[in-house]
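Work through the following exercises with the sequence and the model at hand, and try each task before reading its solution.

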Amino acid sequence: MRRVAPVLPVLAVVALLAVPVAGPAGDGSAGSGTVADAASALLVVFCLVRVLRDRARPLTRTAALVLGLPVLGVCAAAITSYDPVSSLPGVARYLQIFVLVPGALLLLIRNRRDFRLVAWSMVALALVQGLIGVVQYLTGTGASYMGEDVRAVGTFGPTDVMGMATVVSYGMVAAVGLALGAGSGRTVPRKQRNAGLCCAALLFLPLVLSFSRGAWIATVVAVTLQLALSGLRRAARVALVAAALGVVLVGGLGIGSQMVSDRLGSITEVTEAPDRSVTDRYTMWAAAAGMWRTDPVTGVGLKAFPAYRDSHSSIALSSGSDTAGAGMIFQRQPLLSPHNMYLLILSEQGLVGLLSLAGSWAALLVLALRRLPVARRGRRGVDCALVAAGLLIWQLVDFGYADIGGPSTVLTAVLLGLAAWWALDRRAVGQAIQRDDGSGAGAA
(Lines give C-alpha, C1' and ligand atoms only; values in the text may rest on other atoms or scores of the structure.)
Protein backbone atom coordinates (compact mmCIF):
# COMPACT_ATOMS: atom_id res chain seq x y z
CA MET A 1 0.00 0.00 0.00
CA ARG A 2 2.86 2.37 0.72
CA ARG A 3 4.26 1.81 -2.76
CA VAL A 4 0.99 2.65 -4.54
CA ALA A 5 -0.19 5.34 -2.10
CA PRO A 6 0.66 8.31 -4.39
CA VAL A 7 -1.52 7.00 -7.22
CA LEU A 8 -4.40 5.75 -5.08
CA PRO A 9 -6.39 8.98 -5.69
CA VAL A 10 -5.96 8.42 -9.43
CA LEU A 11 -7.22 4.85 -9.15
CA ALA A 12 -10.17 6.12 -7.11
CA VAL A 13 -11.14 8.54 -9.89
CA VAL A 14 -11.06 5.72 -12.44
CA ALA A 15 -12.98 3.29 -10.20
CA LEU A 16 -15.73 5.81 -9.41
CA LEU A 17 -16.58 6.04 -13.10
CA ALA A 18 -18.27 2.66 -12.65
CA VAL A 19 -20.87 4.30 -10.38
CA PRO A 20 -24.21 4.57 -12.25
CA VAL A 21 -24.89 8.07 -13.54
CA ALA A 22 -27.77 10.04 -12.04
CA GLY A 23 -30.76 11.00 -14.16
CA PRO A 24 -30.74 13.98 -16.53
CA ALA A 25 -31.20 17.53 -15.43
CA GLY A 26 -34.45 19.36 -15.71
CA ASP A 27 -33.75 20.61 -19.23
CA GLY A 28 -33.18 17.10 -20.48
CA SER A 29 -29.44 17.34 -20.60
CA ALA A 30 -27.13 15.13 -18.65
CA GLY A 31 -26.12 16.24 -15.20
CA SER A 32 -22.80 18.06 -15.03
CA GLY A 33 -21.30 16.74 -11.79
CA THR A 34 -20.45 13.19 -10.75
CA VAL A 35 -18.64 11.52 -7.89
CA ALA A 36 -15.67 10.99 -10.23
CA ASP A 37 -15.51 14.75 -10.81
CA ALA A 38 -15.51 15.32 -7.06
CA ALA A 39 -12.75 12.72 -6.70
CA SER A 40 -10.70 14.51 -9.37
CA ALA A 41 -10.92 17.72 -7.33
CA LEU A 42 -9.65 15.85 -4.27
CA LEU A 43 -6.89 14.41 -6.44
CA VAL A 44 -5.70 17.93 -7.32
CA VAL A 45 -5.81 18.98 -3.66
CA PHE A 46 -3.89 15.84 -2.65
CA CYS A 47 -1.21 16.60 -5.23
CA LEU A 48 -0.95 20.23 -4.07
CA VAL A 49 -0.46 19.14 -0.47
CA ARG A 50 2.34 16.73 -1.48
CA VAL A 51 4.09 19.43 -3.52
CA LEU A 52 3.96 21.91 -0.64
CA ARG A 53 5.14 19.29 1.83
CA ASP A 54 8.09 18.19 -0.30
CA ARG A 55 9.08 21.78 -1.12
CA ALA A 56 10.47 20.66 -4.45
CA ARG A 57 10.40 22.32 -7.84
CA PRO A 58 7.42 20.49 -9.32
CA LEU A 59 7.70 21.13 -13.07
CA THR A 60 10.34 21.81 -15.68
CA ARG A 61 9.94 24.84 -17.90
CA THR A 62 8.85 22.65 -20.81
CA ALA A 63 6.21 20.89 -18.73
CA ALA A 64 4.91 24.19 -17.33
CA LEU A 65 4.68 25.66 -20.83
CA VAL A 66 2.95 22.67 -22.43
CA LEU A 67 0.43 22.15 -19.63
CA GLY A 68 -0.10 25.85 -19.01
CA LEU A 69 -0.69 26.79 -22.64
CA PRO A 70 -4.47 26.03 -22.55
CA VAL A 71 -4.86 28.57 -19.73
CA LEU A 72 -4.14 31.36 -22.22
CA GLY A 73 -7.01 30.58 -24.56
CA VAL A 74 -9.47 29.72 -21.81
CA CYS A 75 -8.87 32.91 -19.83
CA ALA A 76 -8.88 35.10 -22.95
CA ALA A 77 -12.23 33.66 -24.03
CA ALA A 78 -13.73 34.13 -20.56
CA ILE A 79 -12.55 37.74 -20.22
CA THR A 80 -13.79 38.79 -23.68
CA SER A 81 -17.06 36.84 -23.44
CA TYR A 82 -20.34 38.69 -23.88
CA ASP A 83 -21.41 37.14 -20.56
CA PRO A 84 -18.30 36.51 -18.43
CA VAL A 85 -20.31 35.22 -15.46
CA SER A 86 -21.87 32.39 -17.47
CA SER A 87 -18.40 31.48 -18.75
CA LEU A 88 -17.00 30.73 -15.29
CA PRO A 89 -18.25 27.09 -15.19
CA GLY A 90 -16.56 26.58 -18.55
CA VAL A 91 -13.30 27.96 -17.20
CA ALA A 92 -13.41 25.50 -14.29
CA ARG A 93 -14.23 22.59 -16.59
CA TYR A 94 -11.47 23.30 -19.12
CA LEU A 95 -8.86 23.83 -16.42
CA GLN A 96 -9.95 20.61 -14.69
CA ILE A 97 -9.71 18.45 -17.82
CA PHE A 98 -6.74 19.96 -19.64
CA VAL A 99 -4.54 21.49 -16.93
CA LEU A 100 -5.13 20.53 -13.29
CA VAL A 101 -5.84 16.79 -13.42
CA PRO A 102 -3.15 16.05 -16.08
CA GLY A 103 -0.69 18.13 -14.07
CA ALA A 104 -1.58 16.21 -10.91
CA LEU A 105 -0.89 12.88 -12.64
CA LEU A 106 2.40 14.20 -13.97
CA LEU A 107 3.48 14.95 -10.41
CA LEU A 108 2.04 11.88 -8.68
CA ILE A 109 3.22 9.14 -11.04
CA ARG A 110 6.75 8.27 -9.94
CA ASN A 111 7.82 5.50 -12.29
CA ARG A 112 6.73 3.18 -15.04
CA ARG A 113 5.20 0.78 -12.55
CA ASP A 114 2.78 3.50 -11.44
CA PHE A 115 2.04 4.28 -15.09
CA ARG A 116 1.18 0.66 -15.81
CA LEU A 117 -1.01 0.46 -12.72
CA VAL A 118 -3.12 3.40 -13.89
CA ALA A 119 -3.28 1.96 -17.42
CA TRP A 120 -4.45 -1.41 -16.13
CA SER A 121 -7.10 0.34 -14.01
CA MET A 122 -8.48 1.86 -17.21
CA VAL A 123 -8.56 -1.59 -18.78
CA ALA A 124 -10.41 -2.96 -15.73
CA LEU A 125 -12.98 -0.16 -15.90
CA ALA A 126 -13.47 -0.85 -19.60
CA LEU A 127 -14.07 -4.56 -18.91
CA VAL A 128 -16.71 -3.74 -16.27
CA GLN A 129 -18.51 -1.25 -18.49
CA GLY A 130 -18.19 -3.53 -21.51
CA LEU A 131 -19.69 -6.49 -19.63
CA ILE A 132 -22.66 -4.37 -18.59
CA GLY A 133 -23.04 -3.19 -22.18
CA VAL A 134 -23.05 -6.72 -23.62
CA VAL A 135 -25.69 -7.77 -21.07
CA GLN A 136 -27.78 -4.75 -22.08
CA TYR A 137 -27.64 -5.82 -25.73
CA LEU A 138 -28.46 -9.47 -25.04
CA THR A 139 -31.34 -8.67 -22.67
CA GLY A 140 -32.74 -5.70 -24.57
CA THR A 141 -32.17 -3.29 -21.67
CA GLY A 142 -29.79 -0.88 -23.40
CA ALA A 143 -30.44 2.52 -24.93
CA SER A 144 -32.86 2.83 -27.81
CA TYR A 145 -31.33 2.30 -31.24
CA MET A 146 -33.32 1.85 -34.46
CA GLY A 147 -36.46 1.18 -32.44
CA GLU A 148 -34.89 -1.43 -30.16
CA ASP A 149 -33.33 -1.10 -26.69
CA VAL A 150 -30.07 -2.77 -27.71
CA ARG A 151 -27.41 -0.05 -27.67
CA ALA A 152 -24.69 -0.81 -25.13
CA VAL A 153 -24.19 2.23 -22.88
CA GLY A 154 -22.93 0.69 -19.63
CA THR A 155 -23.74 2.69 -16.50
CA PHE A 156 -23.73 6.01 -18.37
CA GLY A 157 -27.35 5.83 -19.54
CA PRO A 158 -28.97 6.96 -22.80
CA THR A 159 -28.11 10.65 -22.21
CA ASP A 160 -24.40 9.83 -22.65
CA VAL A 161 -24.32 7.15 -25.32
CA MET A 162 -20.66 7.94 -26.03
CA GLY A 163 -19.62 7.27 -22.42
CA MET A 164 -19.23 3.50 -22.56
CA ALA A 165 -17.80 3.62 -26.09
CA THR A 166 -15.11 6.05 -24.92
CA VAL A 167 -14.20 4.02 -21.83
CA VAL A 168 -14.08 0.74 -23.76
CA SER A 169 -11.96 2.34 -26.49
CA TYR A 170 -9.51 3.68 -23.92
CA GLY A 171 -9.28 0.22 -22.37
CA MET A 172 -8.71 -1.49 -25.71
CA VAL A 173 -5.98 0.95 -26.80
CA ALA A 174 -4.27 0.67 -23.40
CA ALA A 175 -4.47 -3.14 -23.49
CA VAL A 176 -2.99 -3.26 -27.00
CA GLY A 177 -0.13 -0.97 -25.97
CA LEU A 178 0.63 -3.02 -22.86
CA ALA A 179 0.60 -6.21 -24.91
CA LEU A 180 2.81 -4.93 -27.73
CA GLY A 181 5.40 -3.60 -25.30
CA ALA A 182 5.52 -6.70 -23.11
CA GLY A 183 8.91 -8.37 -22.82
CA SER A 184 10.68 -5.17 -23.88
CA GLY A 185 12.63 -4.96 -20.62
CA ARG A 186 13.66 -6.96 -17.59
CA THR A 187 10.88 -5.51 -15.44
CA VAL A 188 8.06 -6.13 -17.95
CA PRO A 189 6.88 -9.75 -17.78
CA ARG A 190 5.99 -11.49 -21.01
CA LYS A 191 2.72 -12.69 -19.48
CA GLN A 192 1.58 -9.06 -19.76
CA ARG A 193 1.33 -9.69 -23.51
CA ASN A 194 -1.21 -12.50 -23.10
CA ALA A 195 -3.21 -10.54 -20.54
CA GLY A 196 -3.30 -7.46 -22.76
CA LEU A 197 -4.33 -9.37 -25.87
CA CYS A 198 -7.08 -11.22 -23.98
CA CYS A 199 -8.46 -7.96 -22.60
CA ALA A 200 -8.37 -6.31 -26.03
CA ALA A 201 -10.24 -9.27 -27.54
CA LEU A 202 -12.88 -9.14 -24.80
CA LEU A 203 -13.39 -5.41 -25.36
CA PHE A 204 -13.93 -5.81 -29.10
CA LEU A 205 -17.56 -6.94 -28.76
CA PRO A 206 -18.83 -4.16 -26.45
CA LEU A 207 -17.10 -1.60 -28.66
CA VAL A 208 -19.01 -2.96 -31.66
CA LEU A 209 -22.28 -3.00 -29.71
CA SER A 210 -21.86 0.65 -28.72
CA PHE A 211 -22.73 1.54 -32.35
CA SER A 212 -20.46 4.58 -32.03
CA ARG A 213 -18.98 5.46 -35.40
CA GLY A 214 -16.53 7.99 -33.99
CA ALA A 215 -15.17 5.50 -31.46
CA TRP A 216 -14.78 2.84 -34.16
CA ILE A 217 -12.80 5.16 -36.43
CA ALA A 218 -10.57 6.48 -33.65
CA THR A 219 -9.84 2.99 -32.33
CA VAL A 220 -8.90 1.64 -35.75
CA VAL A 221 -6.55 4.58 -36.33
CA ALA A 222 -4.95 4.39 -32.87
CA VAL A 223 -4.43 0.62 -32.85
CA THR A 224 -3.11 0.65 -36.42
CA LEU A 225 -0.52 3.29 -35.52
CA GLN A 226 0.41 1.39 -32.35
CA LEU A 227 1.03 -1.72 -34.45
CA ALA A 228 3.05 0.25 -36.99
CA LEU A 229 5.19 1.76 -34.24
CA SER A 230 5.85 -1.69 -32.78
CA GLY A 231 6.86 -3.28 -36.11
CA LEU A 232 5.24 -3.87 -39.49
CA ARG A 233 5.53 -7.67 -39.32
CA ARG A 234 3.72 -7.78 -35.99
CA ALA A 235 1.16 -5.30 -37.33
CA ALA A 236 0.29 -7.64 -40.20
CA ARG A 237 -0.14 -10.64 -37.88
CA VAL A 238 -2.36 -8.80 -35.42
CA ALA A 239 -4.43 -7.29 -38.23
CA LEU A 240 -5.21 -10.78 -39.53
CA VAL A 241 -6.23 -11.96 -36.04
CA ALA A 242 -8.45 -8.91 -35.54
CA ALA A 243 -10.11 -9.42 -38.90
CA ALA A 244 -10.76 -13.08 -38.09
CA LEU A 245 -12.22 -12.11 -34.71
CA GLY A 246 -14.54 -9.61 -36.37
CA VAL A 247 -15.72 -12.17 -38.92
CA VAL A 248 -16.44 -14.73 -36.19
CA LEU A 249 -18.31 -12.36 -33.85
CA VAL A 250 -20.25 -10.32 -36.38
CA GLY A 251 -20.38 -12.56 -39.43
CA GLY A 252 -20.32 -16.06 -38.00
CA LEU A 253 -22.32 -15.57 -34.80
CA GLY A 254 -24.44 -12.79 -36.29
CA ILE A 255 -24.08 -10.52 -33.26
CA GLY A 256 -25.66 -7.26 -34.37
CA SER A 257 -24.54 -7.93 -37.95
CA GLN A 258 -27.35 -6.02 -39.70
CA MET A 259 -27.19 -3.05 -37.35
CA VAL A 260 -23.40 -2.95 -37.51
CA SER A 261 -23.36 -3.05 -41.31
CA ASP A 262 -25.98 -0.29 -41.48
CA ARG A 263 -23.98 1.81 -39.03
CA LEU A 264 -20.76 1.28 -40.98
CA GLY A 265 -22.51 2.21 -44.20
CA SER A 266 -23.81 5.44 -42.69
CA ILE A 267 -20.23 6.69 -42.18
CA THR A 268 -19.93 7.45 -45.90
CA GLU A 269 -23.51 8.65 -46.38
CA VAL A 270 -22.86 12.32 -45.78
CA THR A 271 -24.22 13.76 -49.03
CA GLU A 272 -26.56 11.25 -50.66
CA ALA A 273 -28.75 9.89 -47.85
CA PRO A 274 -27.47 10.97 -44.44
CA ASP A 275 -29.43 10.00 -41.36
CA ARG A 276 -30.80 12.55 -38.91
CA SER A 277 -27.77 12.43 -36.60
CA VAL A 278 -25.40 13.11 -39.50
CA THR A 279 -27.55 15.99 -40.73
CA ASP A 280 -27.66 17.55 -37.26
CA ARG A 281 -23.91 17.10 -36.84
CA TYR A 282 -23.01 18.88 -40.07
CA THR A 283 -25.55 21.62 -39.41
CA MET A 284 -23.99 22.29 -36.00
CA TRP A 285 -20.53 22.25 -37.56
CA ALA A 286 -21.67 24.97 -39.95
CA ALA A 287 -23.13 26.92 -37.02
CA ALA A 288 -19.83 26.71 -35.12
CA ALA A 289 -17.96 27.97 -38.18
CA GLY A 290 -20.41 30.86 -38.42
CA MET A 291 -19.79 31.82 -34.80
CA TRP A 292 -16.06 31.81 -35.43
CA ARG A 293 -16.45 34.13 -38.41
CA THR A 294 -18.35 36.52 -36.13
CA ASP A 295 -15.59 36.55 -33.47
CA PRO A 296 -12.48 34.99 -35.04
CA VAL A 297 -9.90 35.90 -32.39
CA THR A 298 -11.42 34.98 -29.02
CA GLY A 299 -14.78 33.44 -30.01
CA VAL A 300 -18.25 34.05 -28.60
CA GLY A 301 -17.29 32.91 -25.10
CA LEU A 302 -17.17 29.71 -23.07
CA LYS A 303 -20.50 27.88 -22.71
CA ALA A 304 -22.01 30.25 -25.30
CA PHE A 305 -22.55 27.80 -28.16
CA PRO A 306 -26.19 26.96 -27.18
CA ALA A 307 -27.08 30.67 -26.99
CA TYR A 308 -25.79 31.41 -30.50
CA ARG A 309 -26.65 28.07 -32.11
CA ASP A 310 -30.07 28.91 -33.55
CA SER A 311 -29.00 32.26 -35.00
CA HIS A 312 -26.23 30.53 -36.99
CA SER A 313 -28.09 27.29 -37.93
CA SER A 314 -30.20 26.41 -40.92
CA ILE A 315 -33.69 24.95 -40.72
CA ALA A 316 -32.18 21.48 -41.23
CA LEU A 317 -31.24 21.34 -37.53
CA SER A 318 -33.70 19.34 -35.42
CA SER A 319 -34.85 20.38 -31.97
CA GLY A 320 -32.86 17.63 -30.29
CA SER A 321 -31.98 13.96 -30.27
CA ASP A 322 -34.29 11.19 -29.08
CA THR A 323 -33.17 9.30 -25.98
CA ALA A 324 -34.86 6.34 -24.35
CA GLY A 325 -34.15 2.95 -22.85
CA ALA A 326 -31.65 1.84 -20.19
CA GLY A 327 -34.15 2.60 -17.46
CA MET A 328 -35.30 6.01 -18.76
CA ILE A 329 -38.45 7.11 -20.53
CA PHE A 330 -38.46 8.75 -23.95
CA GLN A 331 -37.31 12.36 -24.00
CA ARG A 332 -35.71 14.92 -26.27
CA GLN A 333 -32.13 15.79 -25.42
CA PRO A 334 -31.11 19.29 -26.53
CA LEU A 335 -28.14 19.71 -28.88
CA LEU A 336 -25.78 21.85 -26.81
CA SER A 337 -22.49 21.41 -28.69
CA PRO A 338 -21.29 20.81 -32.27
CA HIS A 339 -19.91 17.33 -31.43
CA ASN A 340 -16.50 18.37 -32.73
CA MET A 341 -13.98 19.53 -30.14
CA TYR A 342 -11.94 21.59 -32.56
CA LEU A 343 -14.99 23.47 -33.85
CA LEU A 344 -16.32 23.90 -30.31
CA ILE A 345 -13.04 25.56 -29.28
CA LEU A 346 -12.93 27.62 -32.46
CA SER A 347 -16.47 28.94 -31.97
CA GLU A 348 -16.21 29.63 -28.22
CA GLN A 349 -12.50 30.55 -27.88
CA GLY A 350 -11.49 31.59 -31.37
CA LEU A 351 -8.07 31.18 -32.90
CA VAL A 352 -6.34 32.00 -29.63
CA GLY A 353 -8.07 29.11 -27.86
CA LEU A 354 -7.62 26.64 -30.70
CA LEU A 355 -3.91 27.38 -31.06
CA SER A 356 -3.43 27.15 -27.29
CA LEU A 357 -5.26 23.86 -26.71
CA ALA A 358 -4.37 22.13 -29.97
CA GLY A 359 -0.79 23.36 -29.62
CA SER A 360 -0.56 21.76 -26.17
CA TRP A 361 -1.92 18.44 -27.48
CA ALA A 362 0.38 18.48 -30.51
CA ALA A 363 3.39 19.17 -28.29
CA LEU A 364 2.48 16.22 -26.06
CA LEU A 365 2.16 13.92 -29.07
CA VAL A 366 5.47 15.01 -30.61
CA LEU A 367 7.36 14.70 -27.33
CA ALA A 368 5.79 11.30 -26.63
CA LEU A 369 6.70 9.92 -30.06
CA ARG A 370 10.26 11.28 -29.77
CA ARG A 371 10.81 9.18 -26.66
CA LEU A 372 9.74 5.91 -28.28
CA PRO A 373 13.08 5.25 -30.06
CA VAL A 374 14.92 6.07 -26.84
CA ALA A 375 12.76 3.57 -24.93
CA ARG A 376 13.28 0.92 -27.61
CA ARG A 377 17.07 1.33 -27.59
CA GLY A 378 17.25 1.19 -23.80
CA ARG A 379 14.56 -1.52 -23.55
CA ARG A 380 12.78 0.63 -20.98
CA GLY A 381 9.11 1.51 -21.10
CA VAL A 382 8.18 0.57 -24.67
CA ASP A 383 4.76 -0.49 -23.40
CA CYS A 384 4.30 2.87 -21.66
CA ALA A 385 5.28 4.66 -24.88
CA LEU A 386 2.75 2.72 -26.96
CA VAL A 387 -0.01 3.26 -24.39
CA ALA A 388 0.63 7.01 -24.15
CA ALA A 389 0.92 7.51 -27.91
CA GLY A 390 -2.08 5.30 -28.68
CA LEU A 391 -4.38 6.98 -26.18
CA LEU A 392 -3.37 10.46 -27.30
CA ILE A 393 -3.83 9.60 -30.98
CA TRP A 394 -7.23 8.09 -30.21
CA GLN A 395 -8.33 11.24 -28.44
CA LEU A 396 -7.13 13.61 -31.14
CA VAL A 397 -8.96 11.60 -33.82
CA ASP A 398 -12.13 11.25 -31.74
CA PHE A 399 -12.20 15.01 -31.11
CA GLY A 400 -13.18 15.27 -34.77
CA TYR A 401 -16.47 13.52 -33.93
CA ALA A 402 -17.03 14.41 -30.26
CA ASP A 403 -16.23 16.98 -27.60
CA ILE A 404 -15.93 17.12 -23.84
CA GLY A 405 -19.11 16.59 -21.89
CA GLY A 406 -20.64 13.84 -19.82
CA PRO A 407 -19.33 11.76 -16.92
CA SER A 408 -16.62 10.02 -18.95
CA THR A 409 -14.85 13.34 -19.61
CA VAL A 410 -12.84 13.06 -16.40
CA LEU A 411 -11.20 9.94 -17.83
CA THR A 412 -9.97 12.11 -20.71
CA ALA A 413 -8.06 14.12 -18.11
CA VAL A 414 -6.48 10.89 -16.80
CA LEU A 415 -5.50 9.98 -20.36
CA LEU A 416 -3.83 13.35 -20.85
CA GLY A 417 -2.05 12.92 -17.52
CA LEU A 418 -0.56 9.60 -18.64
CA ALA A 419 0.54 11.13 -21.93
CA ALA A 420 2.01 14.13 -20.10
CA TRP A 421 4.02 11.93 -17.77
CA TRP A 422 5.54 9.91 -20.58
CA ALA A 423 6.23 12.98 -22.72
CA LEU A 424 7.50 15.38 -20.04
CA ASP A 425 8.85 13.50 -17.02
CA ARG A 426 12.60 12.78 -17.07
CA ARG A 427 12.01 9.58 -15.12
CA ALA A 428 9.99 8.02 -17.95
CA VAL A 429 13.04 6.91 -19.95
CA GLY A 430 15.79 7.77 -17.44
CA GLN A 431 18.42 5.10 -16.96
CA ALA A 432 20.27 6.10 -13.81
CA ILE A 433 17.59 8.58 -12.72
CA GLN A 434 14.71 6.19 -12.12
CA ARG A 435 14.22 2.45 -12.02
CA ASP A 436 10.94 0.58 -12.28
CA ASP A 437 11.20 -0.55 -8.68
CA GLY A 438 10.50 3.02 -7.56
CA SER A 439 14.01 3.85 -6.30
CA GLY A 440 16.02 6.81 -7.49
CA ALA A 441 15.06 10.45 -7.77
CA GLY A 442 13.92 12.77 -10.47
CA ALA A 443 11.61 15.73 -10.91
CA ALA A 444 9.10 16.35 -13.65
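**Exercise 1: Phe98 and the core**

Task: Leaving aside its neighbours within four places in sequence, with which residues is Phe98 in contact?

Solution: Contact means that heavy atoms lie within 4.5 Å, and by this rule Phe98 touches Leu67, Pro70, Met341, Leu357, Trp361, Phe399, Ile404 and Leu416. The model is a predicted one, in which local features need pLDDT of at least 70 and side-chain atom pairs count only at pLDDT 80 or more, while totals for chains, interfaces and linings use all residues. Residues are numbered from 1 along each chain as its sequence is written, and side-chain values use heavy atoms, with hydrogens and water left out.

The next step is the nonpolar core, a set of buried Ala, Val, Leu, Ile, Met, Phe, Trp, Tyr and Cys residues joined through side-chain atoms within 4.5 Å. Here buried means under 20% relative accessible area, exposed over 50%, and partly exposed in between (1.4 Å probe, protein chains only). The largest nonpolar core has 116 residues, and Tyr94, Phe98 and Trp422 touch the most other members.

**Exercise 2: Aromatic pairs**

Task: How many aromatic pairs are there, and which residues do ring pairs link into a cluster?

Solution: A pair of aromatic rings is described by the distance of the centres and the angle of the planes. Rings of Phe, Tyr and Trp (its six-membered ring) pair if their centres lie within 6.5 Å, and planes under 30 degrees apart count as stacked, over 60 as edge-to-face and the rest as tilted. The count by this rule is nine aromatic pairs. For Tyr82 and Tyr308, the centres are 6.1 Å apart and the planes stand at 40°, so this pair is tilted. Tyr82 lies in the loop between helix H3 (61–79) and helix H4 (84–108), whereas Tyr308 belongs to helix H12 (residues 305–309), so the pair ties together parts that are 226 residues apart in sequence. Helices are DSSP runs (H or I, at least four residues), numbered from the N terminus. Tyr82 is exposed, because its relative accessible area is 54%, and Tyr308, at 24%, counts as partly exposed.

Trp361 and Phe399 also form a tilted pair, with 5.1 Å from centre to centre and 40° between the planes. Both Trp361 and Phe399 are buried. Finally, ring pairs link Tyr94, Phe98, Tyr342, Trp361 and Phe399 into a cluster.

**Exercise 3: Ile217**

Task: Is Ile217 buried or partly exposed, and in which helix is its place?

Solution: Ile217 has a relative accessible area of 22%, so it is partly exposed, and its place is in helix H8 (residues 213–230). The C-alpha atoms of Ile217 and Val397 are separated by 7.9 Å, although these residues are 180 residues apart along the chain.

How values were computed
Helix = DSSP H or I, 4+ residues; strand = E, 2+ residues; numbered from the N terminus.
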